[in-house]
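Colleague: Let us go through this model together. I will ask, and you reason from the atoms to the answer.

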Amino acid sequence: MPDDLGEDRIAIIGMGIRLPGAGRDLDRFWHNIEHGVEAMSFFDREQLSSWGYPDEVIDHPDFVPARSVLDDYDRFDGRLFGYSPQDSVLMDPQQRVLLECAWSALEHAGYPPIAPDGNRIAVHVGTGLNVYLLDVLWPNARAVKSAGGLQILISSDKDFAATRIAYKLNLQGTAFTVQTACSTSLVAVHLAVQSLLTHEADIALAGAASVAPPTRRGHFHEPGGIFSPDGRCRTFDSQAQGTVDADGGAILVLKRLEDAIRDNDTVHAVIAGTAAVNDGARKAGFTAPGPEGQATAIRSALAVAGLEPDAIGLVEAHGTGTVLGDPIEVSALRTVFDTDRPERQPVALGALKSIMGHLDTAAGVVGVVKTVLALKNRTIPPVARFTEANPALELDKSVLYVPTEAHEWPAIDGVRRAGVSSFGIGGTNTHVVLEEAPPVPGTGRGRREGSELLLVSAKTEESATQSLARIDEHLAGLPAADLPDLGYTLRTGRAVLPWRGCLIRTPDEEFKPLRPVRRATAQHAERGVGYFLTGGGRLPGSPHTYNLDPHFRQIVDRGYAALRTADGEPDLETRELAGRFALAQAWIDALRRRGVRPSALIGRGVGALAAACAAGVLDFTDAIGLTLGRPADGLRCAEPAVPLYAPDGTPVTTEQAVDPGYWAVRLHEEHDRSFAPPATGPDPAAWLEISAQVLPHVDVEPPPLSNGYDRLLASVGLLWEMGIGGPWDPALDEGLRRVPAPGYPFAPTRHYLDIPPTAKERHL
């Protein structure tokens, strides 16, 4: 990508889907695209009768019982979003799909789906007609009366689609619901791009959902109409006679490309330009497509992108597969892409509807997802069920062609680019120009060679357990160099929820059994963790940590450097005291940088000095001076910022803490160097024994670990499971990238009213 084109580019950094035949799985969706796997479902008499279809509809010769549907259309993880069963069952299923897609998309981008305050994350989404309200909810008089008019309105009206997401996910940018019929979701993308280019937002969500209840799982075919006679869509084919309806939704996460590169986001593809126009009255009728408006949208998007038509290798078409629509759309495309250049590379046509049918408001954004996956895989996907081109398209005279099987996507001038079109009934035409992601710039990936702490959390024990298992499975195919990125993404790019689990993974170790997840509590967080600094352990301590962690190494080196300033040659005992003090400070600092701070401090001997230093009573230089035999006179002692205790649990008073002589005496106190929590005094939720290593003392058995660095990570992870700990020092994550990783394992429960008998009159 030329440098002068980068400033106005928008990165696609996350995608979340709910689609027929693929569910929430992007890899499965791509498999279906690449192999032309259809997602249409066909329904038998028994199913139709159970949904209330009258016999005269089922037996009508023009009735086609087909639709692409979601397997779990009636299910929703309302508990995750804080909805009661009653609220969940009242809510438009389309808005439920959007909530889950928004959560998944943000996780896919590596950002927490419950955003921190002060964010500028915008939401631009839309939905189709709320048929659930018309066919299922409204005829249930008891449910309507119980809920009340206002609750029905809030749960059902499409006006609240964007603001519902913003409220539940704490997104504090603009929240606009978009409605332009079939082009809704691509218009939402266009508007989201504008909000980023004008710096109204820093991140933007864009997409739509269209979901209908079982009362709409069929259509009547009319010759020349929009609906297929056999429930299949044959876009661009000579046998094309219409499409079929589909349910589903998708949301993109967008960000200015320069910001995404700066923040080490994973860029899946780039939006080079977008445009939206309306046909006005330049067409045969309100519902008819207009070739001039379509061509204008495409030319405008290319102009915004600063590109000529010859730069495009694929166009994902609106592709209705109708007798009228296909020729008009191809005619518009030909006016843009057909040129007189003999060396012009052919332009492939794409048609999502050929495998899925018409997603209505969600069609455009799902077309973008499809094209992004094609760019990532450098593959031109096929148009399913295509055998022979409709002669009216005159493709034999055009640069356009219909691929019948997946094949390699050749670059044009070194870059693969595509267009995505979406045209709405009423005439709002939209086009988006995409290009493949630029090469990933050099980062700090692979600089850490040690173990990584991997954290998961969920709303329920079952979901947390499943999430931990997903991460464990994901690790089996993960390159060792990507392990730090995964740890960073899971720690910073997920919501922090009560049920938690952790695992420690070293690139070259065998996988170990997973430990049970635990529930974090506010009581544990309030009580915090106590540090017991024994001053014991075998030196040199943890050479593994010394080699891995430059901050740790700096503090240890500082301690040993002080020995060189001592009067005379320090004896072995003095060198050990200074070394143990510096090592304790290094461990305390390593814990602090990983979000752990003590609520109480106990120390023995040189550990008492380390505790005083951690509490802010002594500074490092003065404290290590005591270990070297320097007099206590002149030491500057401050009041403790963290409660200090003697080994027996007796509080260290303020008077004692500010007395330099007290610490000189404590340095040489007689003691054994074993850990024993006091019977009285502080009552933290857990203890960390800090000697030459960090050893956790919690209410569960810690995992078996081989070195001090792993024990440090285990201590941080076990405390985090309890609810103790906070954000890590950003310096630890310098150069790491947000990467796609297994997302939240939703626990969808059926929240759906039964279809009442009166709904029979509402069919089709």
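Modeller: Start with helix α8, residues 149–156, where I154 is found. Keep in mind that this is a predicted model.

Colleague: Is I154 buried, partly exposed or exposed?

Modeller: Buried would need under 20% relative accessible area, and exposed over 50%. I154 has 32% relative accessibility, so it counts as partly exposed.

Colleague: How much accessible area does the nonpolar surface patch with I154 have together?

Modeller: I154 sits in helix α8. On the surface, L150 and L153 join I154 in a nonpolar patch. Together the three have an accessible area of about 270 Å².

Colleague: On to rings. What kind of aromatic pair do F43 and W51 form?

Modeller: The structure holds 16 aromatic pairs. In the F43 and W51 pair, the ring centres are 5.3 Å apart and the planes are at 75 degrees. Planes over 60 degrees apart count as edge-to-face. The F43–W51 pair is therefore edge-to-face.

Colleague: Are F43 and W51 buried or exposed?

Modeller: The limit for buried is under 20% relative accessible area. F43 has 10%. W51 has 13%. So both F43 and W51 are buried.

Colleague: Which residue lies over the face of Y83?

Modeller: Ring pairs place Y83 in a cluster with F76, F81, W103, Y744 and F746. A charge sits over a ring only if it is within 6 Å of the ring centre and within 35 degrees of the normal. At 4.3 Å from the centre of the Y83 ring, the residue over its face is K168.

Colleague: How far from the ring centre of Y546 is the charged end of R553?

Modeller: The charged end of R553 sits over the Y546 ring. The distance cut-off is 6 Å. R553 comes in at 5.9 Å.

Colleague: Now the backbone. Where is N170, which has a positive phi although it is not a glycine?

Modeller: Most residues other than glycine have a negative phi. N170 has a positive phi of about 60 degrees. Its relative accessible area is 23%, so N170 is partly exposed. N170 has its place in the loop between α9 (161–169) and β7 (175–177).

Colleague: What is the phi of D413?

Modeller: D413 is found in the loop between β16 (407–408) and β17 (417–423). With a relative accessible area of 76%, D413 is exposed. D413 is not a glycine, yet its phi is positive, at about 55 degrees.

Colleague: Turn to charges. How many residues apart in sequence are the parts that D245 and R67 tie together?

Modeller: The count comes to 48 salt bridges. One of them joins the side chains of D245 and R67, at 3.7 Å from N to O. D245 lies in the loop between β9 (219–220) and β10 (248–256), and R67 in strand β4 (residues 66–67), so the parts tied together are apart in sequence by 178 residues.

Colleague: Which residue of the D245 and R67 pair counts as buried?

Modeller: D245 has 23% relative accessibility, so it counts as partly exposed. R67 has 6%, under the 20% limit. The buried residue is R67.

Colleague: What is the sequence separation of the parts that R494 and E107 tie together?

Modeller: The closest N and O atoms of R494 and E107 are 3.8 Å apart, in a salt bridge. R494 is buried at 11%, and E107 is buried at 4%. R494 lies in the loop between α17 (483–492) and β20 (499–505), and E107 in helix α5 (residues 93–109), so the separation is 387 residues.

Colleague: Which residue forms a salt bridge with R256 at 2.9 Å?

Modeller: R256 is in strand β10, and its partner is in the loop between α10 (184–197) and β8 (203–210). R256 is buried at 5%, while the partner counts as partly exposed at 29%. The partner of R256 is D202.

Colleague: Last, the open sheet. Which residue in β25 is the bridge partner of Y531?

Modeller: The sheet order is β24-β23-β22-β25-β26, with mixed pairing. Its edge strands are β24 (644–645) and β26 (694–697). Strands β22 (residues 529–533) and β25 (residues 686–690) pair in the parallel sense over five bridges. In β25, the bridge partner of Y531 is L688.

Key: Residues are numbered from 1 along each chain as its sequence is written. This is a predicted model: local features need pLDDT of at least 70, side-chain atom pairs count only at pLDDT 80 or more; totals for chains, interfaces and linings use all residues. Side-chain values use heavy atoms; hydrogens and water are left out. Rings of Phe, Tyr and Trp (its six-membered ring) pair if their centres lie within 6.5 Å; planes under 30 degrees apart count as stacked, over 60 as edge-to-face and the rest as tilted. Buried means under 20% relative accessible area, exposed over 50%, partly exposed in between (1.4 Å probe, protein chains only). Helices (H or I, at least four residues) and strands (E, at least two) are DSSP runs, numbered from the N terminus. A salt bridge is a side-chain nitrogen of Lys or Arg within 4 Å of a carboxyl oxygen of Asp or Glu. Patches are made of residues with over 30% relative accessible area and no salt bridge: like charges are joined within 9 Å, nonpolar side chains (Val, Leu, Ile, Met, Phe, Trp, Tyr) within 5 Å. Accessible areas come from the Shrake-Rupley method with a 1.4 Å probe; for residues, only the protein chains shown count as cover. Two strands pair if DSSP finds at least two bridges between them.
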